Amino acid sequence: MNWDDTRIFLAIQRERSLRGAARSVALDQATVGRRLAALERALGATLFLRTSNGYVLTPVGEIALRAAEKMEQSANDLVRQTQGVDERLAGEVRVTTTDTIALEFVMSAIRSLHAEHPNVRVLLDT
């Protein structure tokens, strides 16, 4: 089974039409129809009833919907949790300064740094 076909299945369910799904996934309508057919073949099940009111999930489609939404959430989690990890700043920085400069400037800078880069640990010596 192709994950991308599952993404198209979700778009059809949300838009209730091939045309709307095609627009939301930036493909043409014929391609969306072919991808749905491929998914249904791969699963050996009919996922939608084609009605005058649009595409309506079958009972099997309802089961597939729950699994497909979990797949989508897992894919989103993967991107969110890993994107940019290799480029994040991390580690320890030692700063030595006077009490006055620390109070007037450095402490607020450390707060800002920590908000933007929580994996940077500042060791402040005054």
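Asp4, Asp5, Arg7 and Arg35 are tied together in a network of salt bridges. A salt bridge here means a side-chain nitrogen of Lys or Arg within 4 Å of a carboxyl oxygen of Asp or Glu. By that rule, the count comes to 8 salt bridges.

Keep in mind that this is a predicted model: local features need pLDDT of at least 70, side-chain atom pairs count only at pLDDT 80 or more, and totals for chains, interfaces and linings use all residues. Residues are numbered from 1 along each chain as its sequence is written, and side-chain values use heavy atoms, with hydrogens and water left out.

Here are three of the pairs, with the gap between their closest N and O atoms.

| Acid | Base | Closest N and O atoms |
|---|---|---|
| Asp4 | Arg7 | 2.7 Å |
| Asp5 | Arg35 | 2.5 Å |
| Asp77 | Arg80 | 2.7 Å |

Let's start with Asp5 and Arg35. This pair links distant parts of the chain, with Asp5 in helix H1 and Arg35 in helix H3 (residues 29-43), 30 residues apart. Helices (H or I, at least four residues) are DSSP runs, numbered from the N terminus. Both Asp5 and Arg35 are buried, where buried means under 20% relative accessible area, exposed means over 50%, and partly exposed is in between (1.4 Å probe, protein chains only).

Now for Asp4 and Arg7: they sit 3 residues apart in helix H1 (residues 3-15), so about one helical turn separates them. Asp4 is partly exposed at 24% relative accessibility, and Arg7 is partly exposed at 29%.

Over in helix H4 (residues 59-82), Asp77 and Arg80 are 3 residues apart, so about one helical turn lies between them. Arg80 is exposed, with a relative accessible area of 55%.

Technical notes:
Helix = DSSP H or I, 4+ residues; strand = E, 2+ residues; numbered from the N terminus.
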